[in-house]
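Hi everyone, thanks for coming. I'd like to walk you through one protein, so please have a look at the picture.

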Amino acid sequence: MSIRAADGRRGRPGTGEMSSRLSPPELLRYARHLVLPEVGLAGQRRLKSARVLVVGAGGLGSPVALYLAAAGVGKLGLVDFDQVDATNLQRQILHGEADVGRPKLDSARDRLAETNPHVEVVTHDARLGSGNALAVLSDYDVIVDGTDNFPTRYLVNDACVMLGKPNVYGSVHRWEGQVSVFATRDGPCYRCLFREPPPPGLVPNCAEGGVLGVVPGVVGSLQALETVKLILGQGSPLAGRLLIFDGLELEWREVSIRPDPACPVCSENPTQTELIDYDLFCGVQPEAQPMTLPANEGSRESPGPGGIDVLEASARLGGGTPPFLLDVRESYEWEISNLGPQGAVLIPMGEVGVRLDEVPRDRQIIVHCRTGVRSGDVAHQLWRAGYRDVLNMEGGINAWAQQIDPGLQIY
């Protein structure tokens, strides 16, 4: 299977071009590639003339970018807009302790330059969206999806289909991972497998659900392998196949995927021919400033529960009639840090529905978790159960630690 060149023609990009000639230092560097029959001098020149875009410089993007740079991919693009956080270091091996607080693209560029100075690293400091995706992706031959959210996954898939570029997909969750290759000439796309996104909050991200740091390394390495195979035109890519990895049991299984003849994007008669609002498609609410309510606002009739920042929450908890502070994290998170001294009561998110009798109906309720995502879902769950004085503590216990009690452990 070959890849589509940037001008829309099928083929291996750059074969025979003067720019793909290897210098003596490169011939030495890639010596172990050159003796492989499937690579050789011609294959290494294809790698050098290839252009690969990695979307995300995080857990998946780190091993992908490092191995593709080491392999000699000539032009390596990175898309990211985030900064390095201490919680990234357990899995995002592009970055180190000294990089905390730096833009990920800056630390990634430095690390990749150390890995292979013969690779051109191009950074795109932007949040990929419908307004810029086609322009950013159009200059590359293969797109590697290293994202951790559904709106960007659907965006990358649809843009790849419309541009005719293969999408090397990977995802991780806790101890598990998935890898596939979408949007090849005859293969299915991501929408053929997951036509509709899951309801918001059903699948937690890494920050909420956790991930073993080694798992992105396994999945990202496989994404890099699939990318190299596509460039070389060797082997059997994972097009039409979803590889599922269970790291806890060390088991692999494979699921066959067929193109959906009714796929709205990649079928012969697609119903969607332009990029859309993917936040809206996935039911993601636009980011907004926390809503601080007056003392009696929570009891008014409104479309749903409100939000409250940690400063106002602290003030109310110190008042004469403090609210009921509900912590919906897991017990192991409570052991790391908790607001027990503030009167917090632990009922994990998955148990709230069967423990409603422990949640009073005659007091205001403030729900909190680690960052405010799970607590927002539980606040709506309580609202649907008839609770009308419910507030979600925006930013969660981490925001409390940052703004009120620095002695609490952030995680």
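Let's start in the middle of things, with helix 3. The buried residues of this helix pack against helix 2 (31–34), strand 1 (51–55), helix 4 (61–71) and helix 10. Which residues of helix 3 are buried? In this stretch, residues 40–49, they are Gly-40, Gly-43, Gln-44, Arg-46, Leu-47 and Ser-49. One thing to keep in mind throughout: this is a predicted model.

Okay, let's zoom out for a moment. The protein has 15 helices and 13 strands. Its radius of gyration is 24 Å, close to the 22 Å that the globule rule gives for 411 residues, so the protein is as compact as a globular protein of that length. If you follow the C-alpha trace along its principal axes, the span is about 80 × 50 × 40 Å. And how many of the 411 residues count as buried? The figure is 48%.

Then there's the question of who touches whom. Take the contacts between residues at least 6 apart in sequence: 68% of these join residues at least 24 apart. As for the outside, the protein exposes about 19,200 Å², and carbon and sulfur atoms supply 52% of that.

Helix 10 came up a minute ago, so let's go back there. Val-219 sits in this helix. Is Val-219 buried or exposed? Val-219 has a relative accessible area of 1%, so it counts as buried. Leaving out residues up to four places away in sequence, Val-219 touches Leu-60, Gly-170, Ser-171, Val-172, Gly-177, Gln-178 and Val-179. Pick Gly-177 from that list: Gly-177 and Val-219 are 42 residues apart along the chain, but their C-alpha atoms are separated by 6.2 Å.

Staying in helix 10, we also find a salt bridge. Lys-229 pairs with Glu-226, with the closest N and O atoms 2.8 Å apart. These two are 3 residues apart in the helix, which means they are separated by about one helical turn. Here's the general idea: an α-helix has 3.6 residues a turn, so residues three or four places apart point the same way. Both partners are buried, Lys-229 at 17% relative accessibility and Glu-226 at 5%. While we're on the subject, salt bridges that share partners join Arg-51, Lys-75, Asp-139 and Asp-141 into one network.

How many salt bridges are there? The count comes to 17. Another one is in helix 5, between Asp-106 and Arg-109, where the closest N and O atoms are 3.4 Å apart. Again the partners are 3 residues apart, so about one helical turn separates them. This time both are partly exposed: Asp-106 has 28% relative accessibility, and Arg-109 has 33%. Then there's Arg-102, which bridges to Asp-110 with a closest N to O distance of 2.9 Å. Arg-102 is partly exposed at 27%, and Asp-110 is partly exposed at 38%.

Now for a charged residue without a partner. Arg-153 lies in helix 7, residues 150–163. Arg-153 is buried, yet it has no salt bridge. Why not? The nearest side chain of opposite charge, Asp-145, is 5.0 Å away, and a salt bridge needs the nitrogen and the carboxyl oxygen to be within 4 Å, so this pair doesn't count. Arg-153 does have company, though. Not counting residues up to four places away in sequence, it touches Asp-145, Thr-147, Asp-148, Tyr-169, Ser-171 and Tyr-190.

Another buried polar residue is Asn-88, in the loop between strand 2 (75–80) and helix 5 (104–115). Asn-88 has a relative accessible area of 6%, so it's buried. Setting aside its neighbours within four places in sequence, Asn-88 is in contact with Gln-83 and Lys-104.

Last stop, the surface. Which residues form a nonpolar patch there? They are Trp-175, Leu-212, Val-214 and Leu-248, with about 380 Å² of accessible area together. Let's look at one of these, Leu-212, in the loop between helix 9 (206–209) and helix 10 (214–232). Leu-212 is at 35% relative accessibility, so it counts as partly exposed.

That's my tour, thanks for listening!

Terms used
Residues are numbered from 1 along each chain as its sequence is written. This is a predicted model: local features need pLDDT of at least 70, side-chain atom pairs count only at pLDDT 80 or more; totals for chains, interfaces and linings use all residues. Side-chain values use heavy atoms; hydrogens and water are left out. Helices (H or I, at least four residues) and strands (E, at least two) are DSSP runs, numbered from the N terminus. Buried means under 20% relative accessible area, exposed over 50%, partly exposed in between (1.4 Å probe, protein chains only). Lys and Arg count as positive and Asp and Glu as negative; His and the chain ends are not counted. Contact means heavy atoms within 4.5 Å. Patches are made of residues with over 30% relative accessible area and no salt bridge: like charges are joined within 9 Å, nonpolar side chains (Val, Leu, Ile, Met, Phe, Trp, Tyr) within 5 Å. Accessible areas come from the Shrake-Rupley method with a 1.4 Å probe; for residues, only the protein chains shown count as cover. The radius of gyration is taken over C-alpha atoms; the globule rule is 2.2 Å times the number of residues to the power 0.38.
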